[in-house]
Amino acid sequence: MKASELFIRCLENEGVEYVFGLPGEENLDFLESLRTSKIKFVLTRHEQGAGFMAATYGRLTGKSGVCLSTLGPGATNLVTPAAYAQLGAMPIVIITGQKPVHSSKQGLFQIIDIVDVMQPLTKFSKQVLRGDRIPAIVRNAFRRAETERPGAAHIEFPEDVAEEIVATRPIAIHSVRRPDADQFAIDAALERLEQARHPIILVGAGANRKRVSMMLNKFIDKTGIPFLDTQMGKGVISEDHHLFLGTAALSDHDYVHCAIDRSDLIINVGHDVVEKPPFFMEEDGFDVIHINFTPPQVDEIYFPQHEVIGDIANALAEMEKAVTVQEHWDFDYFLRVKQVVDEKMAEHSNSGLFPLMPQRIIADVRKAMGVSDILALDNGMFKIWFARHYRALETNTILLDNALATMGAGLPSAMAAKLVHPERKVIAVCGDGGFMMNSQEIETALRLRLDLVVLILNDNSYGMIKWKQHGMKFPEWGLDFGNPDFVKYAESYGANGFRVESTEQFLPLLQKCLKTSGIHIIEVPIDYTQNDTVLGNGLNQQVSVQ
Ligand SMILES: Cc1ncc(C[n+]2csc(CCOP(=O)(O)OP(=O)(O)O)c2C)c(N)n1
């Protein structure tokens, strides 16, 4: 068979359901072989759309999402999705085309060394030089992308290699078990935990999986230790839990840092330093037990004293069996923090002010969404507000990127979530800046007949940077822009467009859109005048005077 056909057989062998992509002429053999395969091809309007969709597919399924581009400009457009997947631990296999490598009459036209470009952004970046190498290269790419810590793999598939005739077949797949943590490491962690007076659990991105969630729930139920989460750890344990203290939306001075500052031991389940730090360690501060699939990357703010490395769910199961609940554990202060934080979270959630306050938007979105429904956030000021105020009740129900923290991924990510979970409601939440970075994918979403709501939080500026500019006491400058008429813009694609004109209108409109099929784009004017309050200063005093 042709090498391109073998490539597709290998993808089928890996269980690939979708290839997201935007091909060039160098991919035409590949495309032709894909045409007759049962793998679905999702054509996008920008390579970033394809890459972000593939990464989110990987994040939600644990299986590599696959995306495709041509050489040169198409491939460089996949640089950001590669970084997004790599930092965010989302398994993805990126396939790029290339001019003929054995003999070419085109000089250096469009040629960039993409294998090299992708090297620092991936765990694996290889060119296929001979068709009979395809099975091994594809198998390795998928293995590398999916094994802990998951991330990006890249394969360059040149045009002339795709045309070769080959006689090999895909390599059989055998499931492998993740290594378990060492028993001595578990015992040492438990010993330290039993000595602590104010232990606290931090739940991070690496824990956002069903089995870990189950085991961690049991561990928390048995021990009664309060927990907080990072932005990407939201939902592992329901944030309605009576021991949930809050989300570390910032690295310091967030509400939950009042609790962190009083703790003498943090049990870190699944957080690694790629996500914005939820706390800073100091030499004479609290100890940390690092429980993760992979060892910590140590630096001056993160140097855990104890490590439990291996399958997180199994480690927690062992710890749950062996732990003895200690009478000297004292969570009184943490629970007082919780009370104050819960009161803070409720503030302004009913505000009738227009433009809408972030707290009101979030409260209304929460009311409109079921337990398993999914929010996909773009990146901007609103992300901090949502991370802080939105209560995630199940794993992976709020998809946000606190690793690369790129703009432009919100809409494609929501689209992939809807493909993976068609039975759930999905909302993309974007700023007016981030939405416009990949808004062309509305056409793709319509073509795919997805039912989706997109919220555009409109402040006519790059709000987050404006807030930071203000924080640095610079005059406001260089961050305001004009926007298209979003209602007409939506309609020009054939989507439904709405502009919220009053605060009371928002929730019923959102509920109606979520019940109606099709793409609904809702522009929501947002009032960012309270941004400074996200810093949570002063809460310490409030807790201590009580
Ligand atoms: C691709 C990319 N470019 C720039 C940034 C820096 N950045 C972070 S947030 C932000 C502003 C986002 O504006 P908008 O989407 O309108 O949301 P808002 O902050 O106004 O809520 C910018 C420019 C980024 N994170 N990603």
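Helix 3 and helix 5 are roughly parallel to each other, a term for angles under 35 degrees. The model is predicted: local features need pLDDT of at least 70 and side-chain atom pairs count only at pLDDT 80 or more, while totals for chains, interfaces and linings use all residues. Residues are numbered from 1 along each chain as its sequence is written, and side-chain values use heavy atoms, with hydrogens and water left out.

The axes of helix 3 (residues 47-61) and helix 5 (residues 79-88) cross at roughly 15 degrees and come within 8 Å. Helices here are DSSP runs (H or I, at least four residues), numbered from the N terminus. Residues of the two helices that meet, with contact meaning heavy atoms within 4.5 Å, are tabulated below.

| Helix | Residues that meet the other helix |
|---|---|
| Helix 3 | Glu-47, Gln-48, Gly-51, Phe-52, Ala-55, Thr-56, Arg-59 |
| Helix 5 | Thr-80, Pro-81, Tyr-84, Ala-85 |

The largest nonpolar core (buried Ala, Val, Leu, Ile, Met, Phe, Trp, Tyr and Cys residues joined through side-chain atoms within 4.5 Å) has 58 residues. Its largest share, six residues, comes from helix 12 (residues 312-322). Phe-279 is among the residues with the most contacts inside this core. Leaving aside neighbours within four places in sequence, the contacts of Phe-279 include Leu-202, Ile-260, Phe-286 and Tyr-302. A second, separate core of 51 residues includes Phe-52 and Met-118.

In helix 19 (residues 463-471), the buried residues (under 20% relative accessible area, 1.4 Å probe, protein chains only) are Gly-463, Lys-466, Trp-467 and Gln-469. Seen down the helix axis, these fall within an arc of 160 degrees, so they line one face of helix 19. Helix 15 (381-389) is included in what covers them.

Technical notes. Buried means under 20% relative accessible area, exposed over 50%, partly exposed in between (1.4 Å probe, protein chains only). Helices (H or I, at least four residues) and strands (E, at least two) are DSSP runs, numbered from the N terminus. The arc is that of the directions from the helix axis to the C-beta atoms. Axes are lines fitted to C-alpha atoms, for helices over the stretch in contact, and angles run from 0 to 180 degrees between N-to-C directions. Angles under 35 degrees count as roughly parallel, over 145 as roughly antiparallel, 65 to 115 as roughly perpendicular and the rest as oblique.
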